[in-house]
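Visitor: Please take one part of this protein and look at it closely. I am a first-year student, so plain words would help.

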Amino acid sequence: MAGTAPCRRALALVLALACARAAQASFQRWSSYTPQPVGRSCPQAQKEGKAPNGMWGCDGEAWEPSGPLSDWSFAGYGAGLASIPSYPVSADVKKYGAAGNGYSDDTAAVKKALEATKKSGGVIYFPPGKYILSSQLTLSSNQVLRGAGRDATTLYISKSMQDLFGWGKSYTPGRSNSPYTWLGALIQTQRTEKLWNDDMFLGKVSRPANRGDRRLYTDFSGTPLAGRRADQVFVPGQWMALRMYENKNTDLAKSLMNYKGVVGSKVAPMFGNRMVFTHSSRVLASGSDWVELERPLHVDVQLAFKPLLYKSANFKVTGVGIEDLAIEFPWTPYLGHHEEKGYNAIEFEAAVNSWVRRVRILNSDANIKLYSSMFCTISDVQIAQTRPRAGGKWNGRTDGLIADKDGHMGIALHWASFDNVVEKFNISGSFYHELLVAGYSAHNVFSSGIGTDLTLDHHGGVPHNNLWTNIDVGSGWSTMDWSGDPQHFPFGGSNNVFWNIFASRIPVPGRPDTSNARYQRRQQRIHGQELVFNRPAYMQGWGQVAVDMPLDTNSRYIREAGDWYIQYDASKPVYPSDLFHAMRGSQASRLRQPPGPKLLPASWPRPQASKPPWLGSLALRLRASSSAVSRGSAASHAAACWLTTHSTVTCRAARAPPGTAWWAFGSTV
């Protein structure tokens with residue numbers, strides 16, 4: 001008997017190593033991945049002169065949940081199950097004393113309108129005019145700022161964060177440590193209260209699961225639901241959330257980087273023992289000890305990540321909107337990287353089912369930031385400067401350094417933001433991070449946008465499984481210039497997908513262009529002779545997928561990284577050009593869907609008092625709007641429906657503001 005203990009320990013070690021290898025082996029190496037040929041004709045692809053890809057096919061028939069492509073069809077407001085609402089006006093700021101004449105300070109009047117709708121929610125309307133604001137605005141749930149169109153209504157914010165709150169004690173000019181580089185904005189969501197008072201926790205996951213799986217096994221022991229069966233807890237059609245922790249060994253980060261390279265030293269102190277992963281899904285079915293999800297898992301689930309089951313993440317705001325207006329700051333020269341005064345426009349924190357649409361932002365340091373937010377949509381946003389902000393002296397420096405950018409960031413999705421959509425954007429000028437994901441953020445979509453020189457920045461903390469599709473990056477100089485603190489590497493986790501990314505200002509072989517000089521510069525860039533990547537691959541990330549994006553597989557950075565799937569043929573543009581909308585359009589044919597009404601995510605039953613009286617029930621609004629009027633383009637009539645009594649829904653047709661056509665892609669919102 002004395003010899004059995006070492007044998008048992010040896011057996012346990014062998015089993016542990018085998019399990020670890022099995023967990024690691026579930027990641028395919030995309031560099032050796034070969035899609036199957038598309039086995040049928042694709043008339044629409046032929047009509048457009050494009051070639052379908054074997055990992056997608058013509059209409060998604062080749063898509064595999066465990067393959068290189070995650071499913072992004074649920075990203076955006078309401079998981080794509082409902083359109084962004086258009087509620088009636090609740091408060092006109094001019095009725096509260098706002099002048100909108102371009103020289104009177106309207107801050108007090110606007111804050112009165114915000115206070116009047118703080119508890120009930122509502123649309124705060126700004127008629128045509130220029131409204132001078134000199135203070136920070138804070139939005140609560142279901143409050144919407146609406147103008148008469150971005151060419152008609154301007155919120156002119158005359159103060160920076162530094163003007164209002166000072167530099168703080170730790171700031172030293174020239175040391176790149178401004179307190180407003182990352183945090184704070186002049187229009188922000190409230191940060192103190194959460195949506196739900198009850199505990200959202202349901203139970204634990206009892207077994208590991210792999211990418212592509214839909215079934216999770218449950219364990220309710222030690223919880224208030226102890227002794228319950230899973231089918232007594234989970235109801236088909238309801239939303240639930242799988243949430244996981246990072247640990248002090250950064251095992252989740254290692255999994256998300258395919259167990260290659262070394263995790264940065266600051267990842268564990270910053271994210272260790274924090275819940276950094278959320279996978280939301282409707283319930284398909286449940287049994288005695290299992291629940292089946294509509295949305296396949298996009299990562300491996302290991303017990304070391306403490307996988308837990310929740311009703312939902314507990315957000316701070318829902319239903320916040322900013323639409324049909326311009327936000328302008330006074331022109332000032334940009335002061336340099338991390339020296340910003342905080343001309344920051346919009347920041348949402350822990351927001352769900354919220355939006356920014358048909359908005360123009362001028363002269364901003366940071367334009368739009370989302371922190372820990374889910375199912376939000378940023379659509380048809382224009383970012384620009386009244387004249388270039390670059391070229392001035394770097395603040396606090398005596399070495400003659402020039403601040404060579406127009407601002408710090410365009411649109412950024414920070415720390416554990418999931419299932420958001422950024423689409424139809426137009427970013428003019430030069431920023432350090434035109435588009436950014438960071439800190440475990442996943443399942444976000446950047447689609448159908450354009451810019452002067454866009455950086456598709458992965459900024460550390462293994463952001464993974466994000467989609468970039470149908471984007472014109474402009475000059476293409478900074479496209480893959482991922483960045484951040486080296487101790488937060490890898491800058492990108494695995495399974496970020498780049499689909500139809502092109503640079504209209506740099507020629508592509510086989511496509512019309514007459515500038516040999518520009519062609520030569522492009523060749524130098526993609527061969528690594530000029531900076532396409534600016535970091536070693538172990539910081540950049542492994543396991544990426546690039547389709548119809550001119551990256552050279554002979555680049556030393558690509559070779560060093562490994563595990564990249566790259567398909568590019570200049571003579572065969574990929575079909576579909578916009579993978580996000582193709583996924584959304586084929587969702588019903590690719591995924592089993594639950595019965596019952598289409599509920600919004602994070603809509604677990606809440607106290608009735610927390611709903612604004614005009615919000616009504618989602619099911620009633622959907623039935624009324626679908627029967628009363630069909631929603632078309634921005635120039636067409638759309639339905640605005642609300643609950644007028646306990647049992648009656650009233651709808652009216654509301655014409656969208658003029659001038660909302662988005663010229664760059666010939667579409668409207």
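Guide: What follows starts with the whole chain, moves to one cavity and a serine, and ends with some salt bridges. The model is predicted.

The protein chain has 669 residues, and 58% of them are buried. Its secondary structure consists of 12 helices and 39 strands. Among the contacts with a separation of 6 or more, 72% are between residues 24 or more positions apart.

Now to the enclosed spaces. Rolling a probe the size of a water molecule over the atoms shows where empty space is left. The count comes to five cavities of 30 Å³ or more. The part to look at closely is the second largest cavity, which holds about 50 Å³ of space. Its lining includes Trp239, Met240 and Ala241, along with Ser280. Lys311, Ser312, Ala313 and Phe315 also line this cavity, as do Met374, Phe375, Pro601 and Ala602. Sorted by character, the lining has nine nonpolar residues, two polar ones and one charged one. Strand E12, residues 239-245, gives the most to the lining, with three residues.

Two of those lining residues, Trp239 and Met240, are also touched by serine 281. Serine 281 belongs to strand E13, which covers residues 275-286. Is serine 281 buried or exposed? Serine 281 counts as buried because its relative accessibility is 1%, and the limit for buried is under 20%. Leaving out residues up to four places away in sequence, serine 281 touches Gln238, Leu293, Glu294 and Arg295 in addition to Trp239 and Met240. With two of these residues there are polar contacts. The side chain of serine 281 reaches the backbone nitrogen of glutamate 294 at 3.1 Å. A polar atom of the same side chain lies 3.0 Å from the backbone nitrogen of arginine 295.

Charged side chains are the next topic. Side chains of opposite charge can pair when their charged atoms come close. The whole structure has 23 salt bridges, and three of them are described here.

One salt bridge joins arginine 215 and glutamate 292, with the closest N and O atoms 3.6 Å apart. This pair links distant parts of the chain: arginine 215 is in strand E11 (residues 215-219) and glutamate 292 is in strand E14 (residues 290-293), 77 residues apart. Arginine 215 is partly exposed, with a relative accessible area of 33%, whereas glutamate 292 is buried at 13%.

Another salt bridge is formed by glutamate 347 and lysine 369, at 2.8 Å from N to O. Here too the pair links distant parts of the chain, with glutamate 347 in strand E18 (residues 344-349) and lysine 369 in strand E21 (residues 366-371), 22 residues apart. Glutamate 347 is buried, with a relative accessible area of 1%, and lysine 369 is buried at 0%. Both belong to a network of salt bridges that share partners, which joins Arg191, Lys316, Glu347, Glu349 and Lys369.

The remaining example is the salt bridge between glutamate 48 and lysine 50, where the closest N and O atoms are 3.6 Å apart. Glutamate 48 is partly exposed, with a relative accessible area of 37%. Lysine 50 also counts as partly exposed, at 24% relative accessibility.

Definitions and conventions
Residues are numbered from 1 along each chain as its sequence is written. This is a predicted model: local features need pLDDT of at least 70, side-chain atom pairs count only at pLDDT 80 or more; totals for chains, interfaces and linings use all residues. Side-chain values use heavy atoms; hydrogens and water are left out. On a 1 Å grid over the protein atoms alone, a cavity is a set of points where a 1.4 Å probe fits but cannot get out, and a pocket is an open set with protein on both sides within 12 Å along at least five of seven lines; lining residues have an atom within 4 Å of a point. Grid points are joined across faces, edges and corners, and a volume is the space filled by probe spheres set on the points. Helices (H or I, at least four residues) and strands (E, at least two) are DSSP runs, numbered from the N terminus. Ala, Val, Leu, Ile, Met, Phe, Trp, Tyr, Cys and Pro count as nonpolar, Asp, Glu, Lys and Arg as charged, and the others, Gly among them, as polar. Buried means under 20% relative accessible area, exposed over 50%, partly exposed in between (1.4 Å probe, protein chains only). A polar contact is a pair of N or O atoms within 3.5 Å; within protein, one must be able to donate a hydrogen and the other to accept it, and residues adjacent in sequence count only if both atoms are side-chain atoms. Contact means heavy atoms within 4.5 Å. A salt bridge is a side-chain nitrogen of Lys or Arg within 4 Å of a carboxyl oxygen of Asp or Glu.
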